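Opening the notebook on this one. I want to look at how the chains meet, and then at the DNA.

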2 protein chains.
Amino acid sequence: MPNVTIADVARLAEVSLGTVSRVMNHNPTVRPATRKAVLAAIAELGYRPNMNARNLRSQRTRAVGLLVTDLTQALVPQAIRGVEMALHPHGYAVLVGDAHSDPAVERESFNSLVDRRVDGLIWFPASRRAEVEEMVAEAGIPVVLFGQTSPSATVPTVMVDEHPAFDAMAADLAALGHRRFGFIGAGPTVRGRLRRLETALGRAGLTRDPRFEVTVPNRDDCYAVVQAMLRRDPRPTALLATPHDMVPPTVRAIRDEGLRIGQDISVIGFGDTEWAMALDPTLSVISVDYTTHARDAATILLQHIDGIATAPRVIRHQSTYVRRGSVGPAPVDA
Amino acid sequence: MPNVTIADVARLAEVSLGTVSRVMNHNPTVRPATRKAVLAAIAELGYRPNMNARNLRSQRTRAVGLLVTDLTQALVPQAIRGVEMALHPHGYAVLVGDAHSDPAVERESFNSLVDRRVDGLIWFPASRRAEVEEMVAEAGIPVVLFGQTSPSATVPTVMVDEHPAFDAMAADLAALGHRRFGFIGAGPTVRGRLRRLETALGRAGLTRDPRFEVTVPNRDDCYAVVQAMLRRDPRPTALLATPHDMVPPTVRAIRDEGLRIGQDISVIGFGDTEWAMALDPTLSVISVDYTTHARDAATILLQHIDGIATAPRVIRHQSTYVRRGSVGPAPVDA
DNA sequence: CTGTTAGCGCTTTCAC
DNA sequence: GTGAAAGCGCTAACAG
């Protein structure tokens with residue numbers, strides 16, 4: 001029962017507080033015999049260090065915060081694992097914060113992490129750039145952004161350039177004769193993705209059409225929103241659903257309307273998970289490797305915590321377009 | 001930059017440390033004018049409380065640990081949300097620990113949470129019952145188990161009785177003429193689920209057959225393992241895949257073998273997500289509402305932390321069997 | 001209503 | 001190589 005303190009251990013081992021502390025911190029200047037006695041006392045009493053006391057005194061926590069946009073989103077848990085795997089070998093614990101896709105909640109989570117005095121923060125932000133940079137400046141701890149689509153001017157960033165994937169997708173669909181391109185989006189990433197879509201469509205000789213673009217206010221509304229879009233005339237002949245969680249309701253709505261994916265309508269999902277290959281036809285996707293991004297972010301953060309940043313301030317990854325069975329030629333009657 | 005302390009605030013506001021502390025803790029015995037001055041100083045300096053100091057002194061953290069078996073498993077993030085939603089209104093933060101489905105890692109995560117002096121712990125254990133109860137006893141803080149399939153004798157438990165769902169599934173399949181029932185499993189839940197399957201099959205007049213039961217060592221092996229099973233003769237005519245993540249590779253392997261789900265082979269998944277309805281045919285499942293379980297666990301934990309446990313020591317939920325298109329009559333040639 | 005004071009459990013000089 | 005002592009930032013008890 002952790003009301004055992006270092007003092008109890010010292011008393012039992014007949015040494016001073018300082019010696020117990022030295023043993024706990026693997027200080028080599030402790031005689032083996034002494035160490036053994038202390039270890040025995042620790043085991044006998046079931047002593048566990050009080051992190052609050054330790055952190056307060058030493059002014060470091062050996063913990064880093066990981067603030068994600070939305071924990072329930074596919075791929076996010078994988079990203080957390082990536083961070084853990086990079087940090088654990090260095091003795092750092094990971095404290096996860098969740099923004100619930102809401103800037104207000106995000107601010108609270110951010111503060112909560114800072115108040116716990118994490119040594120650094122890895123952040124996949126939902127808030128706008130200006131707010132993010134301001135919060136980082138005020139926090140006064142090393143921060144690395146990731147998941148961003150453009151670099152921050154002030155904060156180290158692991159970014160993913162989505163343009164190549166969007167361009168490839170748009171070119172592919174244009175070549176297949178598609179002219180009406182639809183978009184199902186939700187959450188803080190919608191604005192950016194629509195912008196990238198506009199650019200990509202333009203380069204492919206197509207244009208955005210707001211009639212085929214919907215933002216889903218609530219995850220549960222996705223099915224109804226897609227259904228409504230499909231029932232209007234004309235309807236899109238191709239569709240991008242983002243983020244990943246928008247895919248299943250979209251697929252279901254399409255099938256319930258009696259449309260054949262890959263024939264009557266082409267579908268591209270965002271994020272490549274096992275489910276993409278489980279669908280029939282298999283799902284084309286824009287694929288992003290968040291695990292690697294997160295790991296990179298963790299590695300860079302470590303450098304900043306140690307005060308020696310050898311890595312470049314901006315790391316640039318790419319997303320890729322993967323064509324599968326869900327994309328086919330535009331229907332002839334279109 | 002949080003090197004600002006309560007002392008800096010006190011100096012600027014021209015009050016004592018105690019008064020600043022009282023303002024921070026919403027102590028009503030502070031004159032409004034004083035409070036306003038303190039608040040102004042706090043804002044001006046960007047003061048943020050040091051949780052380590054606060055927790056050390058007050059001997060409570062207003063944080064509860066949530067230790068899960070595997071963060072990357074479907075439904076787990078939903079369960080975390082459930083806990084957050086129950087605890088946030090009471091001012092408690094949630095610290096998530098991840099056992100990576102490994103008892104050794106679980107022990108570390110458990111200790112890490114205890115060392116941070118969380119006020120209580122919600123635990124979906126991967127370790128065996130005896131170890132769990134021993135660790136709980138040593139931790140000396142309130143713990144509530146959930147996700148369990150049977151109650152602990154010593155620890156409050158929110159359990160889910162899987163027998164009714166397994167029975168319903170077995171009866172349904174037996175009635176449809178199935179005689180060879182397969183099982184794809186992974187992780188710490190395999191043993192229990194196999195036991196429940198045995199009971200259920202027995203009640204339905206069927207028997208387990210080890211030839212059709214596989215445990216997947218690594219998630220990535222699932223496809224190959226299922227493929228191998230399907231290529232043996234005879235092969236099962238119905239298949240349960242658990243946990244949820246085993247479903248997509250299983251479905252893919254079945255299709256790649258040229259088998260039609262719901263006709264040549266019936267499939268039941270574990271856990272009802274949007275993807276179950278996105279498949280074609282739609283996926284039959286054993287459905288468990290972890291969000292509700294987690295919320296219940298959080299509510300009970302709160303009572304134990306406050307020292308007033310009015311709720312029963314054991315809460316019993318049920319899982320349900322949902323038949324959809326992926327289950328059909330056994331093939332005639334079987 | 002507010003100031004003063006004594007620690008919470010630990011790390012870290014500084015002596016010896 | 002080890003002990004003694006100071007103090008991290010904060011809360012809570014006690015004066016006033």
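Before counting, I fixed the term: a polar contact is a pair of N or O atoms within 3.5 Å, and within protein one must be able to donate a hydrogen and the other to accept it. I also kept in mind that this is a predicted model.

**Chain A against chain B**

With that rule I get 24 residue pairs in polar contact across the interface of chain A and chain B, both residues at pLDDT 80 or more. I then asked which elements of chain A give two or more residues to the side touching chain B. They are helix 4 (51–58), helix 5 (76–87), strand 2 (93–98), helix 6 (103–115), helix 7 (129–139), helix 11 (247–256) and helix 12 (274–278). Helix 11 of chain A gives the largest share, 6 residues. By type I have 23 nonpolar, 10 polar and 15 charged residues on that side.

I looked up the extent next: 48 residues of chain A contact 47 residues of chain B. The buried area is about 4800 Å², with 55% from carbon and sulfur atoms. I find 8 salt bridges between the two chains; R48(B) with D115(A) is a salt bridge at 2.9 Å, N to O.

**DNA strand D**

I count 23 residues around DNA strand D, with T34(A), R57(A), I6(B), Y47(B) and R57(B) the closest. Of the strand's atoms within 4 Å of the protein, 61% are sugar and phosphate.

I checked some individual distances too. The side chain of R22(A) puts an N or O atom 2.6 Å from a base oxygen of DNA strand D. Backbone atoms reach phosphate oxygens of the strand: an N or O of R31(A) at 2.8 Å, and a polar atom of I6(B) at 2.5 Å.

Conventions:
Residues numbered from 1 in each chain as written. Chains lettered and ligands numbered in written order. Predicted model: local features only at pLDDT ≥ 70, side-chain atom pairs only at ≥ 80, totals over all residues. Heavy atoms only, no water. Contact = heavy atoms within 4.5 Å. Buried area = accessible area lost by both parts, 1.4 Å probe. Salt bridge = Lys/Arg side-chain N within 4 Å of Asp/Glu carboxyl O. Helix = DSSP H or I, 4+ residues; strand = E, 2+ residues; numbered from the N terminus. Nonpolar A, V, L, I, M, F, W, Y, C, P; charged D, E, K, R; others polar. Near = heavy atom within 4 Å.
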